[in-house]
Amino acid sequence: MRGLALRALKTSAAAADRLHSPRRGVVVLIYHCVGRGSGLELDLPVERFDQQMELLAAQNRVVSLDQALDSLTAPDTPQHDPIVVTFDDGPADFADEALPVLVRHRIPATMYLATAFIDEERAFPYGAPPMSWAAVRDTVATGLVTVGSHTHTHALLDRLPQAQVDEELARSTGAIEEHLGTTPAHFAYPKSVAPSAGADRAVRATFRSAALAGTRPNRYGHTDPYRLHRSPIQASDGMRWFQAKAAGGMGLEDDLRRVLNRWRYSGAES
């Protein structure tokens with residue numbers, strides 16, 4: 001039943017794109033897991049992920065997050081809209097399964113780490129074990145991976161007192177600096193939940209960019225770099241709806257998901 005509902009939602013979103021074509025801009029994709037075989041929507045088979053990266057490599061549109069941010073404020077619009085590949089949390093399968101695919105196709109990616117799970121060697125709520133810090137260093141050594149912050153405990157920053165918000169950011173950036181020797185410049189809000197006003201100020205003071213969701217392009221000259229739209233890639237997207245998201249489409253899917261998430265996360269803290 002859930003599969004039919006997902007298919008209906010995606011079909012409706014694709015139909016909406018045909019009525020109103022997506023605007024131009026930078027497209028940022030979100031991944032979580034690759035190759036765990038969990039059956040979860042956030043867990044893509046390795047073969048599917050490889051197909052997707054092969055397609056993006058052939059289009060020659062993938063750039064680093066820093067390059068994409070530069071293009072949003074550049075005086076000239078790029079000939080082809082850039083794509084940014086991002087991952088959330090820091091599960092072990094990123095190093096074991098996703099990274100070899102990224103290296104083979106020379107695809108740069110940003111990994112937003114929830115550092116407490118790595119420090120404590122604690123599985124993420126969806127069951128995936130975290131990378132070790134040694135594995136994180138190995139991913140960075142490829143020259144393809146940029147590490148950003150995803151808070152320390154994966155806390156939702158719209159519902160914390162300011163002191164805890166500051167602690168979440170400080171502990172996350174501090175852990176990354178300690179283990180990688182670099183200060184993270186980019187941030188992603190856990191579960192794409194928008195921040196409180198105080199959290200927004202703290203993030204703007206600490207990072208170059210911050211990402212939410214949105215499933216739509218980030219428009220040139222009209223994008224707040226601390227409100228970056230990202231498009232979640234799901235197992236049920238296959239290649240058909242993946243290509244639609246890579247083209248900046250499927251916004252209706254996110255609109256409906258955002259309504260559901262207000263209810264789903266109303267009592268959550270992380």
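What follows is a walk through a predicted model, from its nonpolar cores and aromatic pairs to two unusual backbone angles, a helix residue and a pocket.

The interior is a convenient place to start. In soluble globular proteins, nonpolar side chains tend to be buried together. Here the largest nonpolar core holds 34 residues. Within this core the residues with the most contacts are Tyr31, Phe49, Met53, Leu56, Val85, Phe87 and Leu113. Helix α4, residues 92–105, supplies the largest share of the core, with 6 residues. Another core lies apart from this one and has 14 residues, among them Ala155, Leu160, Tyr189 and Tyr226.

Phe87 gives a view of the larger core from one of its members. Leaving aside residues up to four places away in sequence, Phe87 touches Tyr31, His32, Val34, Phe49, Phe94, Ala98, Leu102, Ala109, Thr110, Met111 and Tyr112. Three of the residues in that list, Tyr31, Phe49 and Phe94, join Phe87 in one aromatic cluster.

The aromatic rings can also be taken in pairs. A pair of aromatic rings is described by the distance of the centres and the angle of the planes. The model has 8 aromatic pairs. In one of them, Phe49 and Phe87 sit edge-to-face, with 5.9 Å from centre to centre and 75 degrees between the planes. This pair links distant parts of the chain: Phe49 belongs to helix α2 (residues 46–59) and Phe87 to strand β4 (residues 83–89), and the two are 38 residues apart. Phe49 and Phe87 are both buried. A further pair is formed by Phe187 and Tyr189, whose ring centres are 4.9 Å apart. The planes of Phe187 and Tyr189 meet at 85 degrees, so this pair too counts as edge-to-face, for which the angle must be over 60 degrees. Phe187 and Tyr189 are buried as well, and Tyr189 is one of the residues of the 14-residue core.

The backbone has two residues that deserve a look. Most residues other than glycine have a negative phi, and most peptide bonds are trans. Glu121, however, has a positive phi, near 50 degrees. Glu121 sits in the loop between α5 (115–119) and α6 (133–141). Its relative accessible area is 69%, so Glu121 counts as exposed, the cut-off being over 50%. Thr151 also has a positive phi, near 70 degrees. The loop that holds Thr151 runs between β6 (145–149) and α7 (162–180). Thr151 has 0% relative accessibility and is therefore buried, since buried means under 20%.

Helix α1 contains Arg18. With a relative accessible area of 62%, Arg18 is exposed. Arg18 and Arg48 are 30 residues apart along the chain, and their C-alpha atoms are separated by 25 Å.

The last stop is open space. Rolling a probe the size of a water molecule over the atoms shows where empty space is left. The second largest pocket encloses about 360 Å³. It is lined by 22 residues, of which Pro22, Arg23, Arg216, Pro217 and Gly248 are the closest to its centre. Two elements, α1 (2–19) and α10 (251–264), give two or more residues to this lining. By type, the lining residues of this pocket are 5 nonpolar, 10 polar and 7 charged.

How values were computed:
Residues are numbered from 1 along each chain as its sequence is written. This is a predicted model: local features need pLDDT of at least 70, side-chain atom pairs count only at pLDDT 80 or more; totals for chains, interfaces and linings use all residues. Side-chain values use heavy atoms; hydrogens and water are left out. On a 1 Å grid over the protein atoms alone, a cavity is a set of points where a 1.4 Å probe fits but cannot get out, and a pocket is an open set with protein on both sides within 12 Å along at least five of seven lines; lining residues have an atom within 4 Å of a point. Grid points are joined across faces, edges and corners, and a volume is the space filled by probe spheres set on the points. Helices (H or I, at least four residues) and strands (E, at least two) are DSSP runs, numbered from the N terminus. Ala, Val, Leu, Ile, Met, Phe, Trp, Tyr, Cys and Pro count as nonpolar, Asp, Glu, Lys and Arg as charged, and the others, Gly among them, as polar. A nonpolar core is a set of buried Ala, Val, Leu, Ile, Met, Phe, Trp, Tyr and Cys residues joined through side-chain atoms within 4.5 Å. Buried means under 20% relative accessible area, exposed over 50%, partly exposed in between (1.4 Å probe, protein chains only). Contact means heavy atoms within 4.5 Å. Rings of Phe, Tyr and Trp (its six-membered ring) pair if their centres lie within 6.5 Å; planes under 30 degrees apart count as stacked, over 60 as edge-to-face and the rest as tilted.
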